[in-house]
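Me: I am new to this structure and would be grateful for a close look at a single part of it. Please take the surroundings of the ligand, and then place that part within the rest of the chain.

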Amino acid sequence: MSKKGRVFSGIRPTGRAHLGNYLGAIKNYVALQDDYECIYCIVDVHALTTVEDTLNLRQNTFEMALDLLASGIRPDETILFVQSHVPQVMELHTYLSMVTPLGKLTDLPTFKEKARQQPHNVNYGLVGYPVLMTADIVLYKSELVPVGIDQAPHIEFAREIVRSFNYRYNTNVLIEPQMKTTDVPKVLGIDGKEKMSKSLDNHIELALTPEETRQRVMMMVTDPQRIKRSDPGNPDVCNVFSMHKIFTPPEDVERINTECRRAGIGCVDCKKLFAENLNRALEPFRARRAELASQPDQVYAILEDGARRARMIAEQTMQEVRAAIQLP
Ligand code: SF4
């Protein structure tokens, strides 16, 4: 079957992926492979804008590759690689930076937020982050970028940069990427308040053991108004219930919904059931991950092969870009 177009997405090497990464991005990456030619990149250069201590960067990149492959990324058809293994992206970033107004970059809410989070390290790379992101996308002539609706402004900005480049050099060599918006659930952490995130330590890693998973699940905050076992609960405000809707068979979800409201089920039992279902769902992933982890050379070979294929596309684009700029 011929594919509908080329998709690109980058994921940060944050080490072992958690449920938020999986439900918010990786699950969709896997599904997109059926219909699109996919290029997925572990963005280690982007990570340098915020990560100062790079001691674990190589290991974290490896762990992310394990999680992607164990989740179902198929490296024989999908290109999976590490960003820094394709140096052409740095060159394109430089050329794109010449057509990107500095004021627009410093006005972006994402830049202001990062600058607020790390006032001691407001570096040049942080300002140019959207330019490097644009270079990532357009280097591979990607037509589509899967994003949640909240990331729409980033893609619109990438399109503006592409238009500026094509206008300045009177060319159409770079393709304006389109958004492929996905209905990504907002996955809350075990605190039930903030988005699941490693930095907030409210996450559940996919690669935990079943017992570690159970312990994290038992820490999950439920309906805050339900104090005693005899209090009726409200599943509509309970994060455990949101997770049941993803990992528990529909008939059990319906039963929990009814029983919770009349205090027929306690939160401890409800969480135990969720932990069981989550562990069952993750069993094949964990088996595949352990197998891959025992063969690191094979994983590095997959990444190197992905980088080789990515470099071929990248160099072709760069030859056209250099010609368009009329570099001597
Ligand atoms: Fe949430 Fe389940 Fe407790 Fe109801 S019984 S509040 S759904 S954890």
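Reply: By class, the shell around the ligand is made up of seven nonpolar residues, one polar residue and two charged residues. The model is a predicted one, and the description below should be read with that in mind.

The residues that form this shell are Thr222, Asp223, Arg226, Cys238, Val240, Phe241, Cys260, Ile265, Cys267 and Cys270. Two elements, helix 11 (239–247) and helix 13 (267–293), each give two or more residues to the shell around the ligand. Asp223 and Arg226 belong to the shell and count as charged, while Thr222, also in the shell, counts as polar. Cysteines are among the nonpolar residues under this grouping, and the shell includes Cys238, Cys260, Cys267 and Cys270.

What is the space that the ligand takes? The ligand occupies the largest cavity. The structure holds one cavity of 30 Å³ or more, and the largest cavity has a volume of about 110 Å³. Its lining consists of 14 residues, and those nearest the centre of the cavity are Arg226, Cys238, Cys260, Cys267 and Cys270. Each of these five names also appears in the shell around the ligand. At least two lining residues come from each of helix 11, helix 12 (250–261) and helix 13. Helix 13 provides the largest share of the lining, with three residues. By class, the lining of the largest cavity has nine nonpolar, two polar and three charged residues.

One of the cysteines nearest the centre of this cavity is Cys267. Is Cys267 buried, exposed or partly exposed? Its relative accessibility is 23%, and Cys267 therefore counts as partly exposed.

With several cysteines around the ligand, the matter of disulfides deserves attention. A disulfide is a covalent bond between the sulfur atoms of two cysteines. How many disulfides does the count give? The count comes to zero. Cys38 offers an example from another part of the chain: its sulfur is 14 Å from the closest cysteine sulfur, that of Cys41, which is too far for a bond. The cut-off applied to a pair of cysteine sulfur atoms is 2.5 Å. Cys38 is part of strand 2, and it counts as buried because its relative accessible area is 1%. Between the C-alpha atoms of Cys38 and Val99, which stand 61 residues apart along the chain, the separation is 28 Å.

Strand 2, residues 37–42, also contains Ile39. Ile39 has a relative accessibility of 1% and so counts as buried. This residue helps to place the ligand site within the whole: the C-alpha atoms of Ile39 and Cys260 are separated by 44 Å, with their positions 221 residues apart along the chain. Cys260, for its part, is one of the residues around the ligand.

Some of the same residues lead to a second space. The second largest pocket has a volume of about 310 Å³. It is lined by 20 residues, of which Leu188, Val237, Cys238, Asn239 and Ser242 lie nearest its centre. Cys238 is thus named both for this pocket and for the shell around the ligand. The lining of the second largest pocket divides into eleven nonpolar, four polar and five charged residues.

Some details of the backbone and of the surface complete the picture. Most residues other than glycine have a negative phi. Asp201, which is not a glycine, has a positive phi of about 50 degrees. Asp201 is located in the loop between strand 5 (178–181) and helix 10 (210–218), and its relative accessible area of 48% makes it partly exposed. Gln326 likewise has a positive phi, near 70 degrees. Gln326 lies in the segment after helix 14 (296–325), and with a relative accessible area of 67% it is exposed.

Tyr167, in helix 9 (residues 152–168), is likewise exposed, with a relative accessibility of 72%. The C-alpha atoms of Tyr167 and Gln298 are 44 Å from each other, the two residues being 131 residues apart along the chain.

Methods: Residues are numbered from 1 along each chain as its sequence is written. This is a predicted model: local features need pLDDT of at least 70, side-chain atom pairs count only at pLDDT 80 or more; totals for chains, interfaces and linings use all residues. Side-chain values use heavy atoms; hydrogens and water are left out. On a 1 Å grid over the protein atoms alone, a cavity is a set of points where a 1.4 Å probe fits but cannot get out, and a pocket is an open set with protein on both sides within 12 Å along at least five of seven lines; lining residues have an atom within 4 Å of a point. Grid points are joined across faces, edges and corners, and a volume is the space filled by probe spheres set on the points. A residue is near a molecule or strand if one of its heavy atoms lies within 4 Å of it. A molecule sits in a cavity or pocket if more than half of its atoms lie within 2 Å of its grid points. Helices (H or I, at least four residues) and strands (E, at least two) are DSSP runs, numbered from the N terminus. Buried means under 20% relative accessible area, exposed over 50%, partly exposed in between (1.4 Å probe, protein chains only).
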